[in-house]
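Reader: I would like to go through this model with you and ask how its labels are earned. Could we start with the pockets and move on from there?

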Amino acid sequence: MVVGEVAVETDVVVIGGGPGGYAAAIRLGQLGKSVTLIEKDALGGVCLNRGCIPSKALIHTAEQYHNLSELGQMGIKLPEAATSPSFNMEDWQKWKGGIVSRLNQGIAHLCEKNGVTVVKGEASFLSENRIGVETGGDFETYKFEEAIIATGSRPILPSFLPVDGEYIIDSTAALELSEVPGKLAVIGGGYIGIEMGMAFAKLGAEVTVVEMADRILAQVSPELAKEVEKKAKKAGIKLKTSVKVEEADVENGQVTLRTSGAEGEEVIQADKVLVTIGRMPNTEGIGLSQAGVSADERGYIEVDSQCRTKVPNIFAIGDITPGPALAHKASKQGIVAAEVIGGLPSAVDSPYIPYVIFSDPQIAGVGLTLEEAEREGRNVKTGKFPFQANGRALATNEAEGFAEVIVDAESHVLLGMHVVGADASNLIGEGVLAMELAARVEDIALTVHPHPTLTEGWLEAAEAALGHAIHIVNN
């Protein structure tokens, strides 16, 4: 700090304006706190600007484009000129930019209306109650009572891959492309790699996914992942599992990947290589040690159920804390941290954080999978209902997938609900509420579900667990 410099005093400093940071700042404003939100880039963080929203805009566009080829079987005949549609990614970029801009402005408006002071700059702790902010050549200091760290995460980029942003790219660069690559190799078969790979395949790219594990989507149940594998292969995507990338070379506008696996060495040629092997927390360079906050060897900051670090007046939320890197987890933590600072008895006390993967078909779930329940030694029963037996799924040509409930065999309390199929991202809302309410499987089975809808999948899965499903043969 410059000698004699006067620090701006504020009740709370929030570092990072992503889904956790801005939610915390707005909630603090609602609770009457003076709040300074420091963001070095754009409000909304990775989720809004380079992650969830742009990628789902791409996935939606790809689905619409791909679905044109299936209209004929439903009796829809397009004019001859429209039977060979084309996709212009530069136009898509403008459309996507409009969505992001609108949401950015919405967040800024909400911050303003809730009394949040937004400062654009790069923050670094000076002590446990002071922070410095670089703001385009100037340096400002702030004195705070409490601070919330919400600096998010970034892609992991292995040192042996020369990620240049042009030929070897991360997910951020992939969402900024001006044209669809002819041949795209995706390193990493997790949810980002599969979502992006399937979207580009539908837009016309020849896609190869290289995954070190023995299957794609290793974070979900194998039965759920199989449905996506089938659809990916049907879409022409080459899935290479148990394969490791050893080397990458860029020459004459082409990338050459040299891989090794059970079937030996292989060479893969691509116009672009997308690296999606995970994310790491942004906890370097923000002066944690000056504040007395420590991170583990992987960069994560341990917090308690109130999101408080070991320094009592400093909280941490979102991707920099252990657990899944999900926007809705960050938002929940942000609101809890704000309410604790505001004197309310708030805590992150639920284990039921849902996950959603926008693959084709979509996957979503909450609670234990069958494999996790069995590893815990629980005595469980399950109920599964295939979308092939659901009228709505057939009528909309989306018959792949199933809904599954995992149930404690003695108490019939629901332990997990998982779904792979059309609109799984919305269907899981019923599962999250049921789990939060500690529902028994009978609660689902006795609830009248509207017909014809995909939600009937939950009804039938619950009835199947009880042995009396109507539209499938009970085992």
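Author: Gladly. A pocket is an open set of grid points with protein on both sides within 12 Å along at least five of seven lines, and its lining residues have an atom within 4 Å of a point. Keep in mind that this is a predicted model.

Reader: Which residues lie nearest the centre of the second largest pocket, and how many line it?

Author: The lining holds 43 residues, and Y191, Q219, P324, A325 and L326 lie nearest the centre. The volume of this second largest pocket is about 910 Å³. Helix 6, strand 16, strand 18 and strand 22 each give two or more residues to its lining. By class, the lining divides into 24 nonpolar, twelve polar and seven charged residues.

Reader: What makes a space a cavity instead?

Author: In a cavity a 1.4 Å probe fits but cannot get out. Two cavities of 30 Å³ or more turn up in the whole structure. The largest has a volume of about 50 Å³, and the second largest about 40 Å³.

Reader: Which helix gives the largest share of the lining of the second largest cavity?

Author: Helix 6 does, with four residues. Helix 3 also supplies at least two. Among the lining residues are I59, E63, K202 and D360. The classes come out as four nonpolar, one polar and four charged.

Reader: Why is the pair of Y65 and F87 called tilted?

Author: The ring centres are 6.2 Å apart, within the 6.5 Å cut-off, and the planes meet at 50°, which is neither under 30 nor over 60 degrees, so the pair is tilted. Y65 lies in helix 3 and F87 in the loop between helix 3 and helix 4, so the pair ties together parts 22 residues apart in sequence.

Reader: How do you know whether Y65 is buried or exposed?

Author: Its relative accessible area is 23%; buried needs under 20% and exposed over 50%, so Y65 is partly exposed. F87, at 22%, is partly exposed as well.

Reader: And what makes the pair of F125 and F144 edge-to-face?

Author: The planes of F125 and F144 stand at 70°, and over 60 counts as edge-to-face, so the label follows; the centres are 6.1 Å apart. This pair links strand 4, which holds F125, with strand 6, which holds F144, 19 residues apart. Both F125 and F144 are buried.

Reader: How do you know that E284 and R154 form a salt bridge?

Author: Their closest N and O atoms are 3.0 Å apart, and the limit is 4 Å, so the pair qualifies. E284 lies in the loop between strand 16 and helix 8 and R154 in strand 7, so the bridge ties together parts 130 residues apart in sequence. E284, at 47% relative accessibility, counts as partly exposed, and so does R154 at 28%.

Reader: Where do E223 and K226 lie?

Author: Both are in helix 7, three residues apart, about one turn of the helix. Their side chains meet in a salt bridge at 3.3 Å, N to O. Another salt bridge joins D249 and R258, with the closest N and O atoms 2.6 Å apart.

Reader: Which residues are linked in a network of salt bridges?

Author: That network links K202, K231, D360 and E400. K202 and D360 also line the second largest cavity. In the whole structure, the search finds 16 salt bridges.

Technical notes. Residues numbered from 1 in each chain as written. Predicted model: local features only at pLDDT ≥ 70, side-chain atom pairs only at ≥ 80, totals over all residues. Heavy atoms only, no water. Phe/Tyr/Trp six-rings, centres within 6.5 Å; stacked < 30°, edge-to-face > 60°. Buried < 20%, exposed > 50% of the residue type's maximum accessible area, 1.4 Å probe, protein only. 1 Å grid on protein atoms, 1.4 Å probe; cavity = no way out; pocket = protein on both sides within 12 Å on 5 of 7 lines; lining within 4 Å. Points joined across faces, edges and corners; volume = space filled by probe spheres on them. Nonpolar A, V, L, I, M, F, W, Y, C, P; charged D, E, K, R; others polar.
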